[in-house]
Amino acid sequence: MPDFDDVDASNLHRQVLYGTSDVGRPKVEAAKARLQDLNPDIVIETHDAALTSENALGIIEKYDVIVDGTDNFATRYLVNDACVLLGKPNVYGSIFRFEGQASVFSAADGPCYRCLYPEPPPPHLVPSCAEGGVLGVLPGVVGTIQATETIKLLTGIGETLVGRLLLFDALRMSLAYTTRAGAFLLLLTEVHPRLLDLPPQPYPAGAPSLPGPQQLSINEAPLPAETAPVGPPAPPAAPEA
Ligand SMILES: [Zn+2]
C-alpha cells in the first residue's frame with residue numbers, strides 16, 4: 001500500500017477506509033489501522049512515499065496482484081508499465097463524475113492499459129477533481145469490484161475482467177462490459193511500442209491529438225456492437241493470444 005498523502009476531511013465522503021478521527025494522519029497509517037481492526041491476522045506492508053520510476057519496480061515486484069487505486073494519469077501509466085515489465089496482473093479501476101470503469105490488465109493472456117489507451121492525455125484536457133467532480137459513493141462501488149477481481153485472481157475462481165472493460169453508470173444504474181475489440185486488438189498489432197524499461201519522471205504527457213481516457217463515457221463511447229448488458233455472461237472476450 002503506497003501513498004504519501006494525509007487524510008483530509010474532504011476525502012471522507014468517498015474514501016471509505018477513513019473517519020473523522022483519522023483527519024491529519026498519513027493515509028497508509030490510517031488505512032492499515034482500519035484494516036487490521038477488521039482482521040488482526042492480516043499482514044499489511046505500507047510504503048509512505050509516492051510511486052516513482054525509481055521505486056515502482058522494487059515495490060511492485062514483491063506482490064502477486066497489483067490493485068490500481070491511482071488518481072492521476074502519470075501514476076496510472078507508471079503502474080501499468082511496471083506491471084507489464086514484471087508480468088503482474090493489474091486490477092484497474094477509475095471513476096469520473098457519475099461513471100466508473102474496471103478491468104484486469106497485464107495478465108498473462110490479456111491486454112494492458114496502454115493497449116486501451118496508448119498514451120496519457122495532454123494535461124490541459126484532464127479536468128481536476130474540483131472541475132470534474134465525482135459522486136461520493138463511486139470509489140466504494142468500483143473499489144469493491146476491484147476487490148472482487150483480486151479475490152478471483154488469487155483463488156483462481158470465476159471469469160475475470162481480463163480482456164473486458166466494465167462500465168458502471170450510476171445515473172442510469174447500468175453495468176455493461178465491452179471487449180472494445182478495436183482497442184484491445186491493439187495488443188495483437190502492437191500499436192504501442194513494447195516496453196523495455198520505465199520512462200523517467202515525470203511521465204510524458206500524450207500528444208494533443210490522442211483521445212484521452214477522460215473522454216470515454218458510456219454514453220459517448222462507440223460501443224453498441226460490442227456492449228452487452230450484464231446478465232447472462234457473454235463469452236470471455238480474451239483476445240486470441
Ligand atoms: Zn499493452
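What follows is a walk through a predicted model, from its overall layout to a helix, a hairpin and a few individual residues.

Let's begin with the whole chain. The protein's secondary structure amounts to eight helices and six strands. Following the sequence from its start, you will meet them in the pattern α-α-β-α-β-β-α-α-α-β-β-α-α-β. Of the 241 residues in the protein, 32% are buried. If you take the contacts between residues at least 6 apart in sequence, 67% of them join residues at least 24 apart.

Now turn to helix H3, which covers residues 73–86. At 1.5 Å a residue, its 14 residues should span 20 Å, and the end C-alpha atoms are indeed 20 Å apart, so expectation and model agree. How much of H3 is buried? Ten of its 14 residues are, and the helix is therefore largely enclosed by the rest of the structure. You can pick these residues out as Phe 73, Arg 76, Tyr 77, Leu 78, Val 79, Asn 80, Asp 81, Ala 82, Cys 83 and Val 84. Their packing partners include two helices, H2 (56–60) and H4 (113–116). The buried residues of H3 also pack against strands S1 (66–68), S2 and S3.

Just past the helix, the backbone is worth a look. H3 is followed by Gly 87, which has a positive phi near 70°. Lys 88 is also found here, in the loop between H3 and S2. Is Lys 88 buried or partly exposed? With 19 other C-beta atoms within 10 Å, Lys 88 counts as partly exposed, because the cut-off for a buried residue is 20 or more. Setting aside neighbours within four places in sequence, the contacts of Lys 88 are Ile 60, Val 65, Ile 66, Cys 83 and Ser 106. One of these, Cys 83, is among the buried residues of H3. The C-alpha atom of Lys 88 is also separated by 8.1 Å from that of Tyr 63, a residue 25 places away along the chain.

Moving on from Lys 88, follow S2 (90–96) into the loop that leads to S3 (99–105), where you will find Arg 97. Although Arg 97 is not a glycine, its phi is positive, at about 55°. Arg 97 counts as partly exposed, because 15 C-beta neighbours lie inside 10 Å.

S3 leads us in turn to S4 (165–169), since the two strands pair in the antiparallel sense over four bridges. To find your place in this pairing, look for Ala 102, whose bridge partner in S4 is Leu 166. Four of the five residues of S4 are buried, so this strand is largely enclosed by the rest of the structure.

S4 has another partner in S5 (174–178), and the two pair in the antiparallel sense over five bridges. Here Phe 168 has Leu 175 in S5 as its bridge partner. Together S4 and S5 form a hairpin, with four residues between them. Which residue in the turn has a positive phi? That is Met 173, with a value of about 50°, in a residue other than glycine. Met 173 counts as exposed because it has 7 C-beta neighbours inside 10 Å, whereas four of the five residues of the adjoining S4 are buried.

Key. Residues are numbered from 1 along each chain as its sequence is written. This is a predicted model: local features need pLDDT of at least 70, side-chain atom pairs count only at pLDDT 80 or more; totals for chains, interfaces and linings use all residues. A residue is buried if 20 or more other C-beta atoms lie within 10 Å of its own, exposed if 12 or fewer, and partly exposed in between; C-beta atoms are placed from the backbone. The expected span of a helix is 1.5 Å times one less than its number of residues. Two residues are in contact if their C-beta atoms, placed from the backbone, lie within 7 Å.
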